[in-house]
Amino acid sequence: NRVGDVGTYLDELGIGGVILSGGNDLSHLPAPRNAAPERDQFEGELVEACSERRLPILGVCRGLEFLVVHHGGRLQPIEGHIAVRHSLVVTEGMPLGDRTEVNSFHDYGVFESGLGPNLKAAALAMDGSVEAVVHRQLPHWGIMWHPERAPHANEDAKLIQYFFREYT
């Protein structure tokens, strides 16, 4: 989180894409838990540098939330999404296969009306909250569930592999 010039850093690393991981609440949210404004600043610069270079970004949970806010959307508190599994309805734009259920570990979410103009919902929970997003022009995707938490690790590994093969 303490990189002087994020664009130069990306160029020096020569990476093919970025995963924005889960974790802290975004620092601008009301009463954020474990806020890290320096992380928010770094990730903002990282998203800009990746956008300029058309590098793919996959946002996971907090990473999706960050992409939503960065691209002009708004989050809101959401209930019933902490330490549960729930149904998933795939809409479009992401090869989620026949997945019908995901894990959930977040207390903020977004509904389609809260997405910025360049994001579209790719999957929804039964309450209408967005579970996956796709950017309309950039190789930026986001998922609200945690692929590192079983039991669907194989499906998530395929999704991540597809994403980075498709866009790198």
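The legends below describe several close-up views of one predicted model.

Residues are numbered from 1 along each chain as its sequence is written, and side-chain values use heavy atoms, with hydrogens and water left out. Because the model is predicted, local features need pLDDT of at least 70 and side-chain atom pairs count only at pLDDT 80 or more, whereas totals for chains, interfaces and linings use all residues.

**View 1. The whole protein, with its helices and strands.** The protein holds 4 helices and 9 strands, where helices (H or I, at least four residues) and strands (E, at least two) are DSSP runs numbered from the N terminus. The radius of gyration, taken over C-alpha atoms, is 15 Å, close to the 15 Å that the globule rule (2.2 Å times the number of residues to the power 0.38) gives for 168 residues, so the protein is as compact as a globular protein of that length.

**View 2. Helix H2 and its surroundings.** Helix H2 (residues 37-53) has 17 residues and reaches 24 Å from its first C-alpha to its last, close to the 24 Å expected at 1.5 Å a residue, a span reckoned as 1.5 Å times one less than the number of residues. Its buried residues (under 20% relative accessible area with a 1.4 Å probe, protein chains only) include Phe42, Leu46, Val47 and Cys50. Among the elements that cover the buried residues of H2 are helix H1 (6-13), strand E2 (57-60) and helix H3 (62-70). Just after H2, arginine 54 takes a positive phi of about 55°.

**View 3. The open sheet and the helices packed on it.** In this sheet, 7 strands run in the order E1-E2-E9-E8-E7-E4-E5 with mixed pairing, two strands being paired if DSSP finds at least two bridges between them. The edge strands, E1 and strand E5 (101-105), each pair on one side only. H2 packs on the sheet, touching E1, E2 and E9 (contact means heavy atoms within 4.5 Å), and its direction makes about 145° with that of E1. Helix H4 (residues 153-167) lies across E1, E2 and E9 and runs at about 170° to E9; these angles, from 0 to 180 degrees, are between N-to-C directions of lines fitted to C-alpha atoms, for helices over the stretch in contact.

**View 4. Strands E7 and E8.** Strand E7 (residues 119-125) and strand E8 (residues 130-135) pair in the antiparallel sense over 5 bridges. Alanine 123 has alanine 132, in E8, as its bridge partner.

**View 5. The surroundings of tryptophan 145.** Leaving aside residues up to four places away in sequence, tryptophan 145 touches residues including Val60, Leu88, Leu96, Ala132 and Leu159.

Terms used. Buried means under 20% relative accessible area, exposed over 50%, partly exposed in between (1.4 Å probe, protein chains only).
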